[in-house]
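Here are a few exercises to work through with the structure open. Try each task before you read its solution.

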Amino acid sequence: MTTRIVLSLLLPASLGLAAGLGAQTPPAPPVRQIGAVTAVSHDSLSAVTTAVEVAGGRIYVNDIINHRVLLYDSTLGSATVVADSDPASPNAYGARPGTLMPFHHDSALFITPASLSMLVLSPAGQIARVMAMPPSGGGGIPALIGSIFGTPGFDTQGRLVYFSPIRMQMRGPPPSDGPFAMDPPDSAYVVRFNFATRTLDTAAVIHIPHSHTMLNRDDRGQMHIAITAFPPSTLDDWAVAADGRLAVVRGRDYHVDWLGSDGNWTSSPKMTFGWERLGDEQKAALIDSMATVMQANMDSLPARMQRADGGTGNAAGGARTETHQAAPGAGGGMVMVFSGPGGGGDGASGGGPPRSVQFNVPTVVKAAAADVPDYRPAFGQGSVRADRDGNLWVRTTTIVDGRPVYDIVNSRGELTDRVQLPQFRTIAGFGNGVVLLGVRDANGVMHLERARIR
């Protein structure tokens, strides 16, 4: 169990790269700029991960770093705190990141892993009702976070659709007499949860980035970990369209597969994309840059692991963790100490005696040239979003003037528009005919913007 916890923090989350050339397709539309910004908030936010427009033009915002949910009025001029990090608050956010998503277009749903509940938020900022979360055995809490895993949504039958990784479980410790390889599957599930029957089924299988980790223990029992820095590889991405259909954008040849309310799949034609062939020098540069960035990420791991506990030492499942540098003379690296729920670290409170594992900062290994695809991808992981008007927005790898180009794909899977956001903007959500953006100003303050799509 200890090894599984450590590995879950170490396995890299990388972008994906698709390669494929198809038959002749219609010319791509010209790239244009997004429409005018019509409203800007003035509050200080740490992050705008998700924004959901509800009835009356009000907008819910998940300020995930500050652990709070706010409801803005239609002008974005004022906001009401609906949930925050104060434990004494009647609507506490919790110590772990929550997920905000649209619910029936006139309300929002806030998923709080800390309380294992899903709160239906009314347009007036009230909790209309509380729903139980799907079982964690189906991917549950981690999969519902969204982000690179796709945005959860509801299909035509009211089932919650979300990403669920194919989990590789380790039984017992890795062998101590030699290296042990961890090669998780390069596929994952998109699943559907039926609230009425409390059942879970698989809607689709998608291709995800590959990872490879080697573990080895030395004669002192210290664990050494080596992670391969793979350049982006071929993958798929998904979203729940406004009409409730599941849309899977296939990376290999850039087309959309649709799962309708009748349970049947249909495929749209391949879409136009300017595939760029990668030469040997470009492949080598990709390998070097990926390894450099990932090693820097691993070097900062001790500090990030401590921040993940929020200073409380509470890990998933109620276990208590402590992370610190190994004592001088102990061989370097890091030590993690685990005790069960309710345990004080000494076993006096029923949590059992603490257990520890010591390991070095992971070493990053460069990928082989054969691991780099021949063509640059059309998109990466977590790039597909669905708007309120029935379109898919795909953040492509095409860069113009230092900014990515979004392909807008209609409900028939046709590429109809290509847009760019102003600098320093990210998409947080959509309203009717508008896109909701997070923007960080020159002072480092995050704001919410509403802009017309056209």
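**Exercise 1. Find the bridge partner of Val384 in E27.**

Solution. In E27, Val384 has Val394 as its bridge partner. Helices (H or I, at least four residues) and strands (E, at least two) are DSSP runs, numbered from the N terminus. Next, step back to the two strands: E26 and E27 run antiparallel and are joined by 4 bridges. Two strands pair if DSSP finds at least two bridges between them.

Before going on, some ground rules: this is a predicted model, where local features need pLDDT of at least 70 and side-chain atom pairs count only at pLDDT 80 or more, while totals for chains, interfaces and linings use all residues. Residues are numbered from 1 along each chain as its sequence is written, and side-chain values use heavy atoms, with hydrogens and water left out.

**Exercise 2. Work out which strands stand at the edges of the open sheet, E1-E29-E28-E27-E26.**

Solution. Start with the order: 5 strands make up this open sheet, and their pairing is mixed. Now look at the ends: strand E1 (31-33) and E26 each have a single partner strand, so one side of each has no neighbour in the sheet.

**Exercise 3. Name the residues with the most contacts inside the largest nonpolar core.**

Solution. A nonpolar core is a set of buried Ala, Val, Leu, Ile, Met, Phe, Trp, Tyr and Cys residues joined through side-chain atoms within 4.5 Å. Buried means under 20% relative accessible area, exposed over 50%, partly exposed in between (1.4 Å probe, protein chains only). The largest core has 19 residues, and Val249, Tyr254, Val256, Phe379 and Leu392 have the most contacts inside it. Strands E19 (246-250), E20 (255-259), E26 (379-386) and E27 (392-400) each supply at least two residues of this core. Apart from it lies another core, of 15 residues, including Ala47 and Leu100.

**Exercise 4. Find which parts of the chain the salt bridge of Arg32 and Asp417 links.**

Solution. A salt bridge puts a side-chain nitrogen of Lys or Arg within 4 Å of a carboxyl oxygen of Asp or Glu. For Arg32 and Asp417, the N to O distance is 2.7 Å. Arg32 sits in strand E1 and Asp417 in strand E29 (residues 415-420), 385 residues apart. Then check burial: Arg32 is buried at 19% relative accessibility, and Asp417 is buried at 7%. Finally, bring in Arg454, which is linked with Arg32 and Asp417 in a network of salt bridges.
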